[in-house]
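Dear colleague,

I am handing over a structure that you have not worked with before, and I would be glad if you kept it open while reading the notes underneath.

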Amino acid sequence: MKASLFIFLSALASLNGLFAQQPAQPPTDDNSRNAFIRELLSRMTLEEKVGQMNQYNGFWDVTGPVPENGDAERKYEDLRNGRVGSMLNITNTADTRRLQEIVVNESRLGIPLLFGQDVIHGLKTTSPIPLAEAASWDLEAIRNSARLAAREAAASGIHWTFAPMVDISRDPRWGRVMEGAGEDPYLGSLVGAARVRGFQGDDLSDPLTIAACLKHFAGYGFAEGGRDYNTADFGLSTLYNVVLPPFKAGVEAGAATVMNSFNVLNGIPATADRFLQRDILKGAWGFDGFVVSDWGSIGELIPHGYAADRNEAAQQAILAGSDMDMESGMYLSELPSLVRSGKVPEALVDEAVLRILGLKYDLGLFEDPFRYSDAEREKQVLADPSRLETVRDMARKSIVLLKNEGNLLPLSKDGLSIGLIGPLAGDTDSPLGSWRLTSDPNSAVSVAQGLAAYTGNRVAYEQGVPLVEGETAFVFETKINTTDRSGIPTAVALARESDVVVLVLGEHGFQSGEGRSRTDLGLPGLQQELLEAVYAVNRNVVLVLMNGRPLTINWAAENVPAIVEAWHLGTESGNAIAEVLYGDYNPSGKLPMTFPKSVGQIPLYYSHLSTGRPEYPGDNLVFWSHYMDQDNGPLFAFGHGLSYSDFAYSDLRLSTPELSGTGSLEIRVRLENKSTVGGTEIAQLYVRDHFGSRARPVRELKGFQKVYLEGGASREITFTLTAEDLAYYTANNRWEAEDGQFSVFVGGSSQADLKADFSLKQ
Ligand code: BGC
């Protein structure tokens, strides 16, 4: 007998013993995955199948008594009756074990639960917010950061994270830009894939890896007006060339799941969009994992005006390809009758359930439903000393030096008196960012604590103005102080007597993230007033910004000599910032998102189309694409970021002026470190396609390299392009490269001016 047939038959034989009443057991051989899940499916009632498609939030006390008036009693009943396939927000081994026990021991088939959680930038040990991590352009560090998050999550009983968010966004009003990789689909694809690989590792059944979830499919980052949950409206070119590439890269990296999104796209709520989920994701891309709805988004089809009632909402969502219902309960209540009445083919339910069971199988849950709920391992992993170095490394690499006039930075380590001022300077909570659901409050190192490690200087601290009023929380609006100025005079007095002022200003951690859109992107509250008052008495100001999105800091950019973009850097925040301020780490980050000069310029992004009237015609004429009251340029461009070294590019040369369909083009450039300080530069390659069947962006990022050079050293670096790299979604509705004229630009930002031309002839 052929070996494979033998394995198959013995697996089936082992499954035959599993009938009724017994919990599901794994087959002995991995090759029988599909046979196992199909056989299990064949034993499930319709209600049990629908149960697998239902995900509940764990909003009740799983270890103690059932809260009064809660819905816990019903949820416990549903767990016992096989009406729940997955839960979210259960975040430790004791609770996951307890719930798993209920399902495995008490439900008819004992199919293990899948525990999901928003592990966005760390579980307990917090990495920088994803936008900050993207500023490192360091795919290995990003993968390591995701790997650490996965280790801590998996060791806490969690199987699955709702990350990475790969939504491209060009709108900093949208608070969720903190959760993505910024504005560019090329960088966003690489970062998204690195995160997927970091979370999932090589083997999902490893008890220290977790399944990833690409979100939000699709168009969520294009919410009109930057207002969260709002409608998106854009055409096929933006869909295929900008929005979809990071999802496709994530699917190719093996992402186990995808989450759909809250927004309507071109009139259809994404959760009910067949074109997106069935035609593109599961069809053209062959995605074989499952799609989870966003929180309650199946129910939201009703207020969207797309479904008349619960029944229709559930029907629309399953027909469109949404496999699991997060917290709306509509699959559970509606799907059985929809199938029985013939409005939904049972085959669609089967498909969804097989996808879900497939992931449970891959995670090893049928082999051992408790493999992630090991209290001893949890303790060890959460105390692993190397975790702090991983997040500190990520934090250092995420910092972007925006400005350093007169080389005010790095600071001397001896004999300085430093006035440390600002509401965020002593803050141990804000640096944890918005998505720190599971980390301990106030567990970040503040800038004050980070600077204290350097004992050669005298550092005195004044808050100046409070940033917020009252309590802050993930689910509530953050109230900004606009009245209490009482601390300004003492802060000014400190500034007057200090050699250097380090001002730490920006956004509270809960001013960006979900549900946190802003129309004013200046420094919130009274911070601008504080900044100007301090600057009036001491011009040696180093501004350290903490924020989750680009800000319109025009006054600071013009007046303050040194500006350090420190985002929300997580647990090791203050240590990483101190290393940069003192030059123990030479900053190397580059902006993954344009900083506009005013909200009125938004959306402002480097890879825009040219328009038919891009240039000022002269003679005071108005007939060109511009504003009367603001120029078109950014405050800080995409890709911008300085260093304590001084890098120069020269000798740009191409291996050929004409690239063929099968050939490759080498782009060589000399990079020199003209300073005496060793440092790392992120060299960037941009391409302009001069003509196409669709109008083409003025520049597109096509490559980058992180290069370390000792002071005085220089090196030739080489980029390679093929026709494939020039492909895009053309007017033929195909992903292809078109012959024509191109230019390359190489340098340290999207404004790089070294340029060379070539043509493509396939
Ligand atoms: C967010 C998702 C998140 C989910 C679960 C939703 O409100 O949009 O990104 O994963 O909640 O917490």
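The notes that follow take up the ligand, then a pair of helices, and then some details of the backbone.

Please bear in mind throughout that this is a predicted model.

To begin with the ligand, the residues around it are Leu88, Asp118, Phe162, Arg176, Lys215, His216, Met259, Phe262, Asp294, Trp295, Met326 and Glu514. Sorted by class, this shell consists of 6 nonpolar, 1 polar and 5 charged residues. Three of the side chains deserve a look of their own, since their distances to the ligand were computed. In the side chain of Asp118, an N or O atom is 2.4 Å from an oxygen atom of the ligand, while for the side chain of Lys215 the distance from an N or O atom to a ligand oxygen is 2.8 Å. Glu514, for its part, has a polar side-chain atom that lies 2.8 Å from an oxygen atom of the ligand. As for how far the ligand is covered, it has 310 Å² of accessible area on its own, and the protein covers 93% of that area.

The second topic is the packing of helix 11, which spans residues 310-320, and helix 12, which spans residues 330-340; their axes come within 9 Å and cross at roughly 85°. Because of that crossing angle, helix 11 is roughly perpendicular to helix 12. On the side of helix 11, the contact involves Arg310, Asn311, Ala313, Ala314, Gln315, Ala317 and Ile318, and these meet Met330, Tyr331, Ser333, Glu334, Leu335, Ser337 and Leu338 in helix 12. Counted by class, the contact between the two helices has 8 nonpolar, 4 polar and 2 charged residues.

Finally, there are some details of the backbone that you may wish to find in the viewer. The peptide bond that runs from Leu409 to Pro410 is cis, with omega near -5°, and Pro410 belongs to the loop between strand 11 (400-404) and strand 12 (417-421). Ile602 and Pro603 are also joined by a cis peptide bond, here with omega at about 5°, and Pro603 is placed in the loop between helix 20 (573-581) and strand 19 (647-654). Tyr229, although it is not a glycine, has a positive phi of about 75°, and this residue sits in the loop between strand 5 (213-217) and helix 9 (236-252).

With kind regards

Technical notes: Residues numbered from 1 in each chain as written. Predicted model: local features only at pLDDT ≥ 70, side-chain atom pairs only at ≥ 80, totals over all residues. Heavy atoms only, no water. Axes fitted to C-alpha atoms, helices over the stretch in contact; angles between N-to-C directions. Helix = DSSP H or I, 4+ residues; strand = E, 2+ residues; numbered from the N terminus. Parallel < 35°, antiparallel > 145°, perpendicular 65-115°, else oblique. Contact = heavy atoms within 4.5 Å. Nonpolar A, V, L, I, M, F, W, Y, C, P; charged D, E, K, R; others polar. Near = heavy atom within 4 Å. Polar contact = N/O pair within 3.5 Å; in protein donor to acceptor, adjacent residues only side chain to side chain. Areas by Shrake-Rupley, 256 points an atom, 1.4 Å probe, with all protein chains shown as cover.
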